[in-house]
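Here is a short tour for anyone meeting this structure for the first time. Have the 3D view open and follow along strand by strand.

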Amino acid sequence: IVSYGIEIDCIGKCNGYGNTGGPYNNGSTAHDGYKVIRINGIYHDNYGANVADVHVNTKSLNLGCVAFDSTADQSNNACADFAAQQSGTTMYLDNCKAFGSKYNLYCADGAAMYVKKCEYSTKNSNGTWHIE
């Protein structure tokens, strides 16, 4: 069953604080073909990618969201602000801001990221990028 959701003005912060396990604590995440719209969310200081979407056919539209300062280990690709983390995932970013993590934008091999009018400095370039 495909699920749908919307987040408006949500804050996801400090998830996984003090965690010694894997960096899988996100400010917001979508899985298993889920479709989500995030509007004006703020996601920061999570022990993992601040916004992370995974699995085939998972899609998110992120409008005016801000993500920053992942606390995941810098040697790990989970240290990201916005991440399409697995093949088959599609993430749309419009007027978003990302800063302070190893990768502001992370797009895994086989994933796609559409970026329009966003502020960021770093990105991982394994996936398919559409940047305006």
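## The four-strand sheet

Let's start with one pair of strands: β8 (residues 66–68) and β11 run parallel and are joined by three bridges. Within that pair, valine 66 has lysine 97 of β11 as its bridge partner. Bear in mind as you look around that this is a predicted model.

These two strands belong to an open sheet of four, ordered β2-β5-β8-β11, with parallel pairing. At the edges sit β2 (11–13) and β11 (97–99), each of which pairs on one side only. On average, and ignoring direction, neighbouring strands here are turned by 5 degrees against each other.

## Two residues in β5

Strand β5 covers residues 42–44, and tyrosine 43 is part of it. Is tyrosine 43 buried or exposed? Its relative accessible area is 1%, so tyrosine 43 counts as buried. Setting aside neighbours within four places in sequence, tyrosine 43 is in contact with a long list of residues, including Glu7, Cys10, Arg38 and Asn50. Cys65, Val66, Ala67 and Phe68 are among its contacts too. For a sense of scale, go 30 residues along the chain from tyrosine 43 to aspartate 73: the two C-alpha atoms are separated by 17 Å.

Histidine 44 is also found in strand β5. With 14% relative accessibility it falls under the 20% cut-off, so histidine 44 counts as buried. Leaving out neighbours within four places in sequence, histidine 44 is in contact with Gly12, Lys13, Cys14, Asn50, Phe68 and Asp69.

## The six-strand sheet

Now move over to an open sheet of six strands, in the order β1-β4-β7-β10-β13-β15, again with parallel pairing. Its edge strands are β1 (4–8) and β15 (128–131), and each pairs on one side only. From one strand to the next, the twist averages 10 degrees.

Take a closer look at β13, which spans residues 112–116. Towards β15, four bridges join the two strands, and they run parallel. Alanine 112 stands opposite threonine 128 in β15, and valine 115 stands opposite isoleucine 131 in β15. Between β10 and β13 there are five bridges, and these strands run parallel as well. Here methionine 91 stands opposite methionine 113 in β13.

## The largest nonpolar core

In soluble globular proteins, nonpolar side chains tend to be buried together. The largest nonpolar core in this model has 24 residues. Which of them touch the most other members? They are Phe82, Met91, Leu93, Leu105, Met113 and Val115. Several strands feed into this core: β6 (51–53), β9 (80–84), β10 (90–94), β12 (103–107) and β13 each supply at least two residues.

Leucine 105 is a good one to click on. Not counting residues up to four places away in sequence, leucine 105 touches Phe82, Leu93, Met113 and Val115, among others. Its contacts also include Ala98, Tyr120, Thr122, Lys123, Asn124 and Trp129.

## Aromatic rings

The structure holds three aromatic pairs. In one of them, the rings of tyrosine 92 and tyrosine 114 have centres 4.6 Å apart and planes at 20 degrees, so this pair is stacked. It links distant parts of the chain: tyrosine 92 lies in strand β10 and tyrosine 114 in strand β13, 22 residues apart. Tyrosine 92, at 32% relative accessibility, counts as partly exposed, and tyrosine 114, at 30%, counts as partly exposed too.

Tyrosine 103 and tyrosine 106 make a tilted pair, with 5.9 Å from centre to centre and 35 degrees between the planes. How much of each can be reached? Tyrosine 103 has a relative accessible area of 15%, so it is buried. Tyrosine 106 is buried as well, at 9%.

One more ring is worth finding. Where does the charged end of lysine 123 sit? It sits over the ring of tryptophan 129, 4.5 Å from the ring's centre. Both lysine 123 and tryptophan 129 are also among the residues that leucine 105 touches.

Terms used. Residues numbered from 1 in each chain as written. Predicted model: local features only at pLDDT ≥ 70, side-chain atom pairs only at ≥ 80, totals over all residues. Heavy atoms only, no water. Pairing = 2+ DSSP bridges. Axes fitted to C-alpha atoms, helices over the stretch in contact; angles between N-to-C directions. Core = buried A, V, L, I, M, F, W, Y, C linked by side-chain atoms within 4.5 Å. Buried < 20%, exposed > 50% of the residue type's maximum accessible area, 1.4 Å probe, protein only. Contact = heavy atoms within 4.5 Å. Phe/Tyr/Trp six-rings, centres within 6.5 Å; stacked < 30°, edge-to-face > 60°. Lys NZ or Arg CZ within 6 Å of the ring centre and 35° of its normal.
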